Amino acid sequence: MHTLFLTLLVIDAIALIIVVLLQSGKSAGLSGAISGGAEQLFGKQKARGMDLVLHRITVVLAVLFIILALGVSYFGI
């Protein structure tokens, strides 16, 4: 059981890294970092298309990563 959880954890970690790297950056440079925060805070823009899909996949993979990490620690003892 420990080996199964560990294998799934490694696969999930690699998938999470790939999905995060596929996401587009929210800002470019220092000026984009300053205005990007304001746009995100006050703007009404929602993520659309592929960005939304990648965001949702990232959330699912992150939750799965936490669950698998807890499973590895539980069955590893």
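Helices here are DSSP runs of at least four residues and strands are runs of at least two, numbered from the N terminus. On that footing, this predicted model comes to three helices and zero strands. Read from the N terminus, the order of elements is simply α-α-α. The chain has 77 residues, and 17% of them count as buried. If you look at contacts between residues at least 6 apart in sequence, 94% join residues at least 24 apart.

**The two helices to look at**

Let's start with H1, which covers residues 2-22. Its 21 residues reach 30 Å from the first C-alpha to the last, close to the 30 Å expected at 1.5 Å a residue. H3 has 27 residues and reaches 37 Å between its end C-alpha atoms, close to the 39 Å expected at the same 1.5 Å a residue.

Which residues of H1 are buried? They are Phe5, Leu9, Asp12, Leu16 and Val19. These residues sit on the same side of H1, because they cover an arc of only 100 degrees around the axis. There's a general rule worth keeping in mind here: an α-helix has 3.6 residues a turn, so residues three or four places apart point the same way. Turn H1 around, and the face away from the buried side carries the exposed residues Thr3, Ile11, Ile17, Leu21 and Leu22.

What do the buried residues of H1 pack against? Their partner is helix H3, residues 50-76. Seen from the other helix, the buried residues of H3 are Leu54, Thr58, Leu61, Leu68, Gly71 and Val72, and what covers them includes H1.

**Three spots along the H1 and H3 pairing**

Thr58 is a handy place to zoom in. This threonine lies in helix H3 and counts as buried, at 15% relative accessibility. A polar atom of the Thr58 side chain lies 2.6 Å from the backbone oxygen of Leu54. Setting aside neighbours within four places in sequence, Thr58 is in contact with Leu16, Val19, Val20 and Gln23. Two residues in that set, Leu16 and Val19, also appear among the buried residues of H1.

Next, Ala13, which has its place in helix H1. With 22% relative accessibility, Ala13 counts as partly exposed, because the cut-off for buried is under 20%. The C-alpha atoms of Ala13 and Leu61 are separated by 8.1 Å, although the two residues are 48 apart along the chain. Leu61 is one of the buried residues of H3.

Then there's Gly76, also in helix H3. Gly76 is partly exposed, with a relative accessible area of 46%. Gly76 and Leu6 are 70 residues apart in sequence, yet 9.3 Å apart in space, C-alpha to C-alpha.

**An aromatic cluster**

Now for the rings. How many aromatic pairs does a search of the whole structure find? The count is two. As a general point, a pair of aromatic rings is described by the distance of the centres and the angle of the planes. Here is how the pairs look:

| Pair | Geometry | Centre to centre | Angle between planes |
|---|---|---|---|
| Phe5 and Phe75 | stacked | 5.2 Å | 20 degrees |
| Tyr74 and Phe75 | edge-to-face | 5.1 Å | 80 degrees |

Why does the Phe5 and Phe75 pair tie together parts that are 70 residues apart in sequence? Phe5 lies in helix H1 and Phe75 in helix H3, so the pair bridges that separation. Taken together, Phe5, Tyr74 and Phe75 form one aromatic cluster.

The members of the cluster vary in how much surface they show. Phe5 is buried, with a relative accessible area of 18%. Phe75 counts as partly exposed at 36% relative accessibility. Tyr74 is exposed, with a relative accessible area of 61%.

**What the record says**

One last piece comes from UniProt, where an unreviewed entry lists residues 53-75 as "transmembrane region". In the model, the chain over residues 53-75 is 100% helix and 0% strand. The end C-alpha atoms of that stretch are 33 Å apart.

Note on methods:
Residues numbered from 1 in each chain as written. Heavy atoms only, no water. Expected span 1.5 Å × (residues − 1). Buried < 20%, exposed > 50% of the residue type's maximum accessible area, 1.4 Å probe, protein only. Arc of directions from axis to C-beta. Contact = heavy atoms within 4.5 Å. Phe/Tyr/Trp six-rings, centres within 6.5 Å; stacked < 30°, edge-to-face > 60°. UniProt positions renumbered as here; feature names shortened; annotations may be inferred. Polar contact = N/O pair within 3.5 Å; in protein donor to acceptor, adjacent residues only side chain to side chain.
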